[in-house]
Amino acid sequence: MTTTTYAVTGMSCEHCVNAVTSELSGLGGVSAVTVDLIPGGSSSVTVASDAPLAAGAVSAALDEAGGYQISR
């Protein structure tokens with residue numbers, strides 16, 4: 001089991017939380033997604049999975065959810 005926390009920008013409401021949770025939950029091996037929403041800032045998105053996720057897969061899921069991005 002691997003747990004990784006990402007700083008994600010662009011999220012502002014519960015709709016954003018639901019969209020991100022749904023997209024990331026659809027990735028293979030993901031067992032849980034939790035979001036600590038910081039409207040207008042960098043929200044913490046924690047993903048528990050069977051193995052580490054490819055950064056590209058996480059970025060693509062965030063983009064599909066609504067154009068959200070991992071903060072650099």
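# Reading the fold, term by term

Visitor: Take contacts in the chain between residues at least 6 apart in sequence. What share joins residues at least 24 apart?
Guide: The share is 66%. A contact here needs heavy atoms within 4.5 Å. Note that this is a predicted model.

Visitor: What makes the chain's radius of gyration agree with a compact globule?
Guide: The rule for 72 residues gives a value near 11 Å, and the chain has 11 Å, so the two agree. Its C-alpha trace spans about 30 × 25 × 20 Å along the principal axes.

Visitor: How much of the chain counts as buried?
Guide: Of the 72 residues, 31% do. The cut-off is under 20% relative accessible area. The chain exposes about 3900 Å², with carbon and sulfur atoms supplying 50% of that area.

Visitor: What pattern do the helices and strands follow?
Guide: Along the sequence they run β-α-β-β-α-β. That comes to two helices and four strands.

Visitor: How do the four strands line up in the sheet?
Guide: They form an open sheet, ordered β2-β3-β1-β4, with antiparallel pairing.

Visitor: Why are β2 and β4 called edge strands?
Guide: Each has a single partner strand, so one side of each is left without a neighbour in the sheet. β4 covers residues 69-70.

Visitor: How do you know that β2 and β3 pair?
Guide: Pairing requires at least two bridges. β2 and β3 have six, in the antiparallel sense. Two positions show the register. Val30 stands opposite Ser49 in β3. Val33 has Val47 of β3 as its bridge partner.

Visitor: What lies between β2 and β3 in their hairpin?
Guide: Five residues do. Gly40, in the turn, has a positive phi of about 80 degrees.

Visitor: How do you know that the span of α1 fits its length?
Guide: Helix α1, residues 14-25, has twelve residues. The expected span is 1.5 Å times one less than the number of residues. For α1 that gives 16 Å, and the helix reaches 16 Å from its first C-alpha to its last.

Visitor: Which residues of α1 are buried, and what makes them a face?
Guide: Cys16, Val17, Ala19, Val20 and Leu24 are buried. Down the axis of α1 they fall within an arc of 165 degrees, so they line one face of the helix. The general rule behind such faces is that an α-helix has 3.6 residues a turn, so residues three or four places apart point the same way.

Visitor: What covers that buried side, and what sits on the face turned away from it?
Guide: The cover includes β2 (30-36), β3 (42-49) and α2 (55-66). The face turned away carries Glu14, His15 and Ser22. These three are called exposed, a term that requires over 50% relative accessible area.

Visitor: What makes the buried residues of α2 fall on the same side?
Guide: The buried residues in α2 are Val58, Ala61, Leu62 and Ala65. They cover an arc of only 95 degrees around the axis, which puts them on the same side of α2. They pack against β1 (2-9), α1 and β4. Asp63 and Glu64 are exposed on the face turned away.

Visitor: How does the span of α2 compare with expectation, and what follows the helix?
Guide: α2 has twelve residues and reaches 17 Å, close to the 16 Å expected. Just after α2, Gly67 takes a positive phi of about 80 degrees.

Technical notes:
Residues are numbered from 1 along each chain as its sequence is written. This is a predicted model: local features need pLDDT of at least 70, side-chain atom pairs count only at pLDDT 80 or more; totals for chains, interfaces and linings use all residues. Side-chain values use heavy atoms; hydrogens and water are left out. Buried means under 20% relative accessible area, exposed over 50%, partly exposed in between (1.4 Å probe, protein chains only). The arc is that of the directions from the helix axis to the C-beta atoms. The radius of gyration is taken over C-alpha atoms; the globule rule is 2.2 Å times the number of residues to the power 0.38. Accessible areas come from the Shrake-Rupley method with a 1.4 Å probe; for residues, only the protein chains shown count as cover.
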